[in-house]
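Biologist: Could you walk me through this one? I'd like to hear about the core and the hairpins.

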Amino acid sequence: MKVVMTLISVVLTLMTSPVVVAQTTIFTYQGDLTDSGTPQATYQMRFRLFDALASGSQVGGTIENGAVAVSDGIFTVALDFGAPVFSGADRFLEIAVRRNGGESYTVLNPRQQIASSPYSIRTLSAQTADMALDAQKLGGVAASEYVKTTDVGGSFINNGATLQDASFNIDGDGFVGGTLGIGTAAPGSGIELRGTGLNAQQRITDAASGNSLVLQGGPGSGMKVTGYNYGTGVAQPLYLSIDGANTLINTGGGNVGIRTASPTHSLDVNGTIRAFSTSDSRISVETSGTNNMARLLLNSANRSWFLGTTQSFNNDEFYIGEGISGNKMTIANDGTVGIGKRPDPFFRLDAAGPIRALSASAGHVVAETTGGTNSWARFYMRSPSQSWFIGTSQNFSGNQLYIIDETSNQTRFTIQPAGGPIFLQ
């Protein structure tokens, strides 16, 4: 037997109470149920919300009540679909009824449109309405204390790209996620500080000492970095170093000038250079590569001299030279010395010209030997076609003085010591 149930009327109301309590999402539903069979005291009912009178999609969950009391066809139920389902769009309530769990639900048509009363639930998602208890306040703060976009000016800084005339004071930590420009609205790097004019300065100041690292314009279009204490008015030393590592200057090229604005050498110093150390003081001039020269240059207004050596050229000699006419003195690796020429390895001192010993009291040219018995001490005299020497020996031939024709290796004149005879041959 088919059971026909009809819904005669529906009343939807919000639950109310004489006691003021917090609002909930529960609302009451009252209907008049007609059962063509034998009416019962209780029925099982299912409630669902849809977004259309027919068909459409279900909104929210399903509510099932297994013991709805019906008296003279009238029943009342409390329904709670939650606040999110009432977004402001149309909602239709579908009701299905059965006598017991052995029957299928009979859907009662048509669906009932939800009227405005349950939609007051939506006020739960509009909590700011609670602040409207006082129209002149927002969250307990007077409306005059809030900043409007039209208020931006000398007292406020607006978050925008437009340049604003305002002062600010910030205490605490901060974070800038992008580039930061001070004195410029278009920073070209992570942080860029700009000033205007030659005397514009940017300072980084140490809070403990008051010393500042100062960046400012220099002569022409240059820049200068100085150390200064503006509290005491005293210039401070400027240290350029990296702890435990090298300090590098101009690795990409260019010259460095000290007390000169136009350096012409890698290091150009207008003044005195000093190398001082309590243990080992050195000025090192080095070269690499075959035949490269390492020189110390001494320049005056009209003359230049140099002291230097080479790598693998002329047997690595040391020389003293003059910038116009070349080397003036050379010392070879074997200790021979050349004056005005490269030395002949036969002579310890090889001069391209006369040698003079001059003194107001005593002038000496000394030739000595310490080589032991029969070692010779000689003075040589040479011409392109003849050579002579005057000499003596240690304990050889009675320590006599002799003059020898080196070309023929003949002794021409001999003087014996201690008043001995003189021989002329």
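Modeller: One term up front: two strands pair if DSSP finds at least two bridges between them. Also, this is a predicted model.

Biologist: Okay, so in what sense do S21 and S22 pair, and over how many bridges?

Modeller: S22 covers residues 337–339. Within S22, Gly-338 is the bridge partner of Thr-330. The two strands run in the antiparallel sense, and the count of bridges is three.

Biologist: Which residue in the turn of that hairpin has a positive phi?

Modeller: S21 and S22 have five residues between them in the hairpin. The phi there is about 95 degrees, and the residue is Gly-335.

Biologist: And on the S20 side, what is the bridge partner of Gly-321 in S21?

Modeller: S20 (residues 318–322) and S21 (residues 326–331) are antiparallel, with five bridges. A hairpin of three residues links S20 to S21. The partner of Gly-321 is Asn-327.

Biologist: Over to the largest nonpolar core: which strand gives the largest share?

Modeller: That core has 22 residues, and those touching the most other members are Met-45, Phe-47, Leu-79, Phe-81 and Leu-93. S2, S3, S4, S5 and S6 each put in at least two residues. The largest share is four residues, and it comes from S3.

Biologist: Which residues of S5 (74–79) is Phe-47 in contact with, leaving aside neighbours within four places in sequence?

Modeller: Phe-47 has a list of contacts that includes Tyr-29, Ile-63, Phe-81 and Leu-93. S5 spans 74–79, and the contacts of Phe-47 with numbers in that range are Val-77 and Leu-79.

Definitions and conventions:
Residues are numbered from 1 along each chain as its sequence is written. This is a predicted model: local features need pLDDT of at least 70, side-chain atom pairs count only at pLDDT 80 or more; totals for chains, interfaces and linings use all residues. Side-chain values use heavy atoms; hydrogens and water are left out. A nonpolar core is a set of buried Ala, Val, Leu, Ile, Met, Phe, Trp, Tyr and Cys residues joined through side-chain atoms within 4.5 Å. Buried means under 20% relative accessible area, exposed over 50%, partly exposed in between (1.4 Å probe, protein chains only). Contact means heavy atoms within 4.5 Å.
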